[in-house]
Each structure stands twice: as C-alpha cells, then as structure tokens.
Amino acid sequence: METPKHIAIIMDGNGRWATSKNLSRSEGHREGSIAIDRLMDSAMEFDLKYISLYAFSTENWKRPIAEIKAIFNLLDEFISTRLEKIKKNNIKVLHSGSESKVPLQSMKQIKRAIKETEKNTGIVLNFCLNYGSQDEILNSISLLIHDRISKNKDLTKKIKKEELENFFYTYPIPDVDLMIRTAGEQRISNFLLWQSAYAEIYFTDCLWPDFDKKELKLALDWYAGRTRKFGGLK
Ligand code: IPE
Ligand code: IPE
Ligand code: MG
C-alpha cells in the first residue's frame with residue numbers, strides 16, 4: 001500500500017466536540033491533545049514519516065484571550081508530560097511558524113523538545129504553531145532579500161523555487177502528500193498552501209477529539225486509492 005510520506009492535519013472540531021458534551025471549549029482542546037498522543041501511536045504502527053499538526057494559526061489570535069491561554073497552557077503541558085515518551089519513541093520534534101507573540105514559556109518548551117529530540121531518526125512531528133502560509137511566504141521573501149544583501153548578490157535576479165523554499169518555516173520537510181481536515185469543514189485555512197500544491201485532500205466529519213486509529217486508517221486507505229499525476233499523465 002502506498003503510504004504518504006508527509007501527512008498534514010488540520011485538527012478541527014475541538015470546540016464543537018466540547019459543546020456537544022456540555023463542556024467548556026478548553027476541555028475540547030484538552031481532549032484534542034489526547035488525540036495527538038493517540039495519533040502518534042498509530043503513526044508508528046503505520047510507519048509514517050512526517051506529520052505536520054496545525055495547532056494554532058496566525059488567525060487564531062482573534063479568539064478570546066482565555067481560550068488562547070488555555071491552548072498554550074495545554075501545549076506546555078503536552079510537552080512536559082509527553083516528552084519522555086516522544087524521546088523513547090525516537091520521534092523528532094520540529095516547529096513551523098512565527099515565534100512572535102507566542103508566550104515565552106511555550107517557546108521555551110518547544111525549543112527544549114526540539115533540542116532533546118534533534119538526533120532522533122524516527123517520525124518527524126512538526127508542530128505548526130502560530131503558523132500561517134501567507135505569513136510564511138512573506139517572511140521567506142524578506143529573509144531572501146536580507147540574505148542577498150548580506151552576500152552582495154543581485155537583488156533583481158529572478159527567484160528560483162528552491163531558493164525561496166530554503167527560507168520556509170517547514171524547510172527541509174518535503175511537500176505534503178496527504179492533507180486531512182477533521183470536523184466537516186472543507187477549506188485549507190491558510191495551512192501549508194505552497195507545500196500542498198499537489199497534496200491529496202481528505203475531509204472527514206469526525207471531530208478531532210474523536211480521531212483515532214480507525215479514522216487514520218480510513219484516510220490512508222482513501223489515499224492509497226488515489227492516482228497522483230502532478231500535471232502529467234498516468
Ligand atoms: C481546532 O478546534 C483547534 C484550534 C483551532 C486550536 P476549534 O477550536 O477550531 O473547534 P471548532 O471549530 O470551534 O469546533
Ligand atoms: C484551523 O482551524 C486552525 C487550526 C486547526 C489550528 P480553525 O477552526 O481556526 O479554522 P476556521 O476559522 O474554521 O477556518
Ligand atoms: Mg475550528
């Protein structure tokens with residue numbers, strides 16, 4: 001069975017899951033973090049390689065401050081309680097996104113997880129936190145211009161694809177093969193737009209806190225049945 005090398009997941013529906021159970025939205029996010037733990041166990045079973053998780057978007061700052069705080073607190077808690085397991089499982093943690101505005105404590109935790117897992121060779125777990133594709137592309141253009149200036153290169157020279165991609169938050173992770181969005185919404189919400197140019201996109205009504213091995217298997221089976229052409233012929 002053809003397995004996708006890079007899976008990107010828009011983990012949506014924590015709020016709706018909580019509301020349906022008369023719980024607070026934060027409790028939905030907590031249950032969502034348990035689903036991440038479960039996902040990693042299944043990912044190892046299915047021998048996956050790169051997983052990008054949309055944990056907080058550049059647009060999520062529009063939410064009430066209490067919810068934002070709860071999400072970052074959960075992230076801190078996730079790392080402090082799961083890092084040993086992540087290390088034991090040979091998982092390598094990465095972060096994609098802007099560091100600006102992210103609470104210092106959360107950035108510290110992420111950097112600790114990245115540092116302590118940098119030599120791991122198993123699954124790459126890419127936390128997309130304060131991530132937005134448009135921000136990423138604009139940021140990369142700025143970095144590229146600065147780089148050219150510092151190296152006395154011609155600023156007007158045509159930009160090559162790979163040259164820009166070098167400055168992406170996701171560099172050097174390969175392009176997305178399979179994008180999964182839970183909770184029934186059929187949109188990309190500014191997630192890995194460039195990297196998903198040829199991704200197969202799978203939508204499921206399952207709410208993120210309910211996502212389990214069976215749901216992942218459904219997505220992988222669906223992916224295996226796709227014919228990828230990349231603009232060519234089969
Ligand atoms: C996704 O769940 C988690 C984040 C955006 C952090 P939501 O919080 O968007 O859940 P719904 O869409 O309100 O159900
Ligand atoms: C996308 O979900 C962001 C994350 C899952 C982190 P949203 O719930 O923020 O997306 P919209 O607002 O419904 O498009
Ligand atoms: Mg949502």
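In which sense do strands S3 and S4 pair, parallel or antiparallel? Let's start there. Remember as we go that this is a predicted model.

The sense is parallel. Strand S3 covers residues 92-96, and strand S4 covers residues 124-131. Five bridges link them. Take Ser96 as an example: its bridge partner in S4 is Cys128. Now follow the chain between these strands. It leaves S3, passes through helix H4, residues 104-116, and arrives at S4. That is a β-α-β crossover, and this one is left-handed. Trace it yourselves on the structure.

Next, helix H3. This helix runs over residues 65-88, which is 24 residues. How far apart should its ends be? Count 1.5 Å a residue, and the expected span is 34 Å, because the rule takes 1.5 Å times one less than the number of residues. The C-alpha atoms at the ends of H3 are 35 Å apart, so expectation and model agree. There is also a bend in H3: about 55 degrees, at Arg82. After H3 comes Asn90, with a positive phi near 65 degrees. While we are on helices, one general point. An α-helix has 3.6 residues a turn, so residues three or four places apart point the same way.

Now the ligands. Ligand 1 has 13 residues around it. Which of them come nearest? They are Asp12, Gly15, Arg16, Arg25 and Arg63. Look at the contacts with oxygen atoms of ligand 1. Asp12 places a polar side-chain atom 2.9 Å from one. Gly13 uses its backbone: an N or O atom there is 3.4 Å from an oxygen atom of the ligand. Gly15 also uses a polar backbone atom, at 2.9 Å. On its own, ligand 1 has 380 Å² of accessible area, and the protein covers 87% of that.

Move to ligand 2. The residues surrounding it include Ile10, Met11, Tyr54, Phe56 and Arg187. Asp12 and Arg63 are in that group as well. Three side chains deserve a look. A polar atom of Asn60 sits 2.9 Å from an oxygen atom of ligand 2. For Arg63, an N or O atom of the side chain is 3.2 Å from a ligand oxygen. For Ser189, the distance from a polar side-chain atom to an oxygen atom of the ligand is 2.6 Å. How much of ligand 2 does the protein bury? The answer is 78% of the 390 Å² that ligand 2 exposes when taken alone.

Last, two loops. Where is Pro172? Find it in the loop between helix H6, 161-165, and strand S5, 178-181. The peptide bond joining Tyr171 and Pro172 is cis, with omega about 0 degrees. Then go on to the loop between S5 and strand S6, 200-203, where Ala183 lies. Ala183 is not a glycine, yet its phi is positive, near 70 degrees.

Methods
Residues numbered from 1 in each chain as written. Chains lettered and ligands numbered in written order. Predicted model: local features only at pLDDT ≥ 70, side-chain atom pairs only at ≥ 80, totals over all residues. Heavy atoms only, no water. Pairing = 2+ DSSP bridges. Helix = DSSP H or I, 4+ residues; strand = E, 2+ residues; numbered from the N terminus. Right-handed = clockwise from strand over helix to strand, strands pointing away. Bend = angle between axes of the 7 residues up to and from the residue. Near = heavy atom within 4 Å. Polar contact = N/O pair within 3.5 Å; in protein donor to acceptor, adjacent residues only side chain to side chain. Areas by Shrake-Rupley, 256 points an atom, 1.4 Å probe, with all protein chains shown as cover.
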